[in-house]
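Hi everyone, thanks for coming. I'd like to walk you through one structure today, so have a look at it before I start.

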Amino acid sequence: MRICTILSAALALSAVAISQTVDVPEQANDGAVQAPATSQHNQSPLPSVTGAANQEFESTDNTQPNDARAPTESSSPATSKSDDKAECSAAGVEGWNRGLQIGGVFMILGVSALGVMVPVGCKYIRWLNIDKRALNVGKFFGAGVILATAFIHMLGESVEALKDDCLDGRMGDFESWPGALAMMAVLAMHLIEYAMSSYLIKQSKKEGNAHNSVDDEEASKRRMLGDSSVRLADDATAGHGGDTPTFAGVRDIYDTGSNSDNQSEKGAVGHVHGPLVPMGVAGDQVRKRLSTYILELGIALHSIIVGMTLAVTGGSGFKTLLAAVAVHQFFEGVALGTRIAEINFQRNAIVLALMNCAVFAVTTPIGQVIGICIRESFAPRDPSTLIIMGVLDSLSAGVLIYSALVNLLVEEFSASEFRKSPRRLRIMYFAAMYAGCATMSVIGIWT
């Protein structure tokens with residue numbers, strides 16, 4: 001009887017062990033449970049033995065998952081690091097549509113050309129009669145667009161590129177590269193404008209000295225002939241052959257003397273030891289030409305980057321970015337076109353004005369074409385790509401900041417024409433500039 005009881009207990013333990021390690025059908029479990037029911041003498045030892053066996057197997061199950069997870073946790077950093085490297089070197093554009101991209105090139109070309117040529121056309125085409133106040137509103141709105149583009153878009157994208165994790169410390173411990181590069185661009189633009197202005201002033205002095213000798217000789221001849229009525233107007237006409245302004249008066253813009261200021265306010269004729277021209281006319285033209293070319297340089301540099309970014313954008317984000325770039329290009333073109341229209345070219349005026357307009361109109365499409373050609377090999381998070389784009393964005397931001405603040409805001413709002421405008425017009429121009437800044441800032445949410 002004792003032997004039967006021991007055998008029954010052993011069978012029960014075997015059944016419990018099998019049920020803990022392998023999923024056993026319910027019928028086998030029922031048989032194992034019914035086996036000890038044949039013994040009615042020693043039922044009390046069975047629960048204790050079975051409980052000990054269960055505790056032993058439970059402890060084994062609790063230790064096995066931890067041991068199994070150990071290799072996985074130790075290998076996870078290496079796996080994540082390799083995934084990051086693969087993401088940084090990934091090339092190509094998802095959801096890229098050739099038809100939309102090519103259509104976008106012509107769309108941006110048309111919008112840019114329209115924006116920059118409308119103010120120029122109003123100057124050279126008689127029947128295209130648009131109110132000058134409307135053009136001024138567009139000009140100041142465009143000034144706000146350029147300023148916001150520099151701070152919100154170009155400088156912001158530069159910060160993102162030069163602080164990307166894929167650079168892996170290639171830029172060193174210095175974290176202010178975007179601001180430093182933008183500051184370098186501002187200083188470089190100031191130096192270039194100063195050097196070009198100084199060169200033109202020296203040229204005007206040489207021309208003035210050459211005309212001086214001729215004027216002195218003619219005056220001496222007149223005195224010998226008894227003609228004592230020498231007029232300044234005759235000397236000016238003889239020196240120029242008309243009222244065409246030259247660079248002789250360029251120094252008047254940079255002359256800080258009180259006499260120069262008083263004469264310019266009265267609109268008098270200034271004496272620059274050479275041919276006499278209306279005070280500040282030639283100098284104002286030189287200054288506007290320099291500032292316009294610097295503005296166009298900054299716009300062209302960042303427009304190529306914008307075009308490349310647009311061309312390597314795919315999916316639903318392309319349409320949003322295309323609309324934002326179109327708005328930006330139109331009003332930026334209006335601001336630049338207004339400045340081009342204010343330049344009085346002495347020869348081939350229409351041809352030179354159209355050439356300046358064409359430079360602006362084609363820069364963004366050129367960037368789009370470049371982006372289309374390199375889209376398959378373009379890796380947006382590659383370290384080399386991030387550094388190149390980040391540096392160019394910073395430099396473009398600096399050029400645009402200088403052009404917007406110095407050549408647009410300070411120059412336009414300080415002009416006598418602006419100050420003499422009615423108060424309601426001045427308020428309207430300020431509102432247009434603020435609206436341009438706000439518009440491009442809001443567009444920055446989606447781009």
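Let me begin with a definition: the expected span of a helix is 1.5 Å times one less than its number of residues. Helices here (H or I, at least four residues) and strands (E, at least two) are DSSP runs, numbered from the N terminus. Now take α11: with 25 residues it should span 36 Å, and its end C-alpha atoms are indeed 36 Å apart, so the two agree.

Some housekeeping. This is a predicted model, where local features need pLDDT of at least 70 and side-chain atom pairs count only at pLDDT 80 or more, while totals for chains, interfaces and linings use all residues. Residues are numbered from 1 along each chain as its sequence is written, and side-chain values use heavy atoms, with hydrogens and water left out.

So how confident is the predictor? pLDDT is its confidence in each residue, from 0 to 100. The mean for the protein chain is 74, with 63% of residues at 70 or more. Over residues 21–75 the pLDDT is below 50, and that stretch has 20 contacts in the model beyond near neighbours in sequence; contact means heavy atoms within 4.5 Å. Residues 227–279 are also below 50, and there the count beyond near neighbours is 74 contacts. Where pLDDT is low, the predicted coordinates should not be read in detail.

Okay, the overall picture. The protein chain has 15 helices and 0 strands. Of its 447 residues, 39% are buried, where buried means under 20% relative accessible area, exposed means over 50%, and partly exposed is in between (1.4 Å probe, protein chains only). If you take the contacts with a separation of 6 or more, 84% of them join residues 24 or more positions apart.

Back to α11 for a moment. Is α11 enclosed by the rest of the structure or not, and why? Well, 18 of its 25 residues are buried, so it is largely enclosed. One residue to click on in α11 is Arg339. Arg339 is buried, with a relative accessible area of 0%. Leaving aside neighbours within four places in sequence, Arg339 is in contact with Lys288, Ser291, Thr292, Leu295, Asn407, Leu408, Glu411 and Glu412.

There's another one like that over in α10 (residues 281–311), namely His302. His302 is buried, and its relative accessible area is 0%. Its contacts, again beyond four places in sequence, include Thr149, His328, Glu332 and Ser396.

Next, the inside. A nonpolar core is a set of buried Ala, Val, Leu, Ile, Met, Phe, Trp, Tyr and Cys residues joined through side-chain atoms within 4.5 Å. The largest one has 40 residues, and those with the most contacts inside it are Phe140, Ile146, Ile299, Ile340 and Leu409. Which elements give two or more residues to this core? They are α4 (98–124), α5, α10, α11, α12 (349–373), α13 and α15. The largest share, 10 residues, comes from α5. As for Leu409, its contacts beyond four places in sequence are Ala143, Leu147, Ala404, Ser414 and Met433.

Met433 takes us to α15, where it is one of the buried residues, along with Leu425, Tyr429, Ala432, Gly436, Cys437, Met440 and Ile443. These cover an arc of only 145° around the axis (taking the directions from the helix axis to the C-beta atoms), which puts them on the same side of α15. What covers them includes α5 (132–162), α11 (317–341), α13 (383–414) and α14 (416–419). Turn to the face pointing away from that buried side and you find the exposed residues Arg423, Arg424 and Ile427. As for length, α15 (residues 423–443) has 21 residues and reaches 30 Å from its first C-alpha to its last, close to the 30 Å expected.

Over in α12 sits Val369, which is partly exposed at 43% relative accessible area. Val369 and Ile102 are 267 residues apart in sequence, yet 8.5 Å apart in space, C-alpha to C-alpha.

Last stop, two loops. Most residues other than glycine have a negative phi. Asp168, though, has a positive phi near 55°; it lies in the loop between α5 and α6 (177–225) and is exposed, at 66%. Asn348 has a positive phi too, near 50°. You'll find Asn348 in the loop between α11 and α12, exposed at 58% relative accessibility.

Key. pLDDT = per-residue confidence, 0-100.
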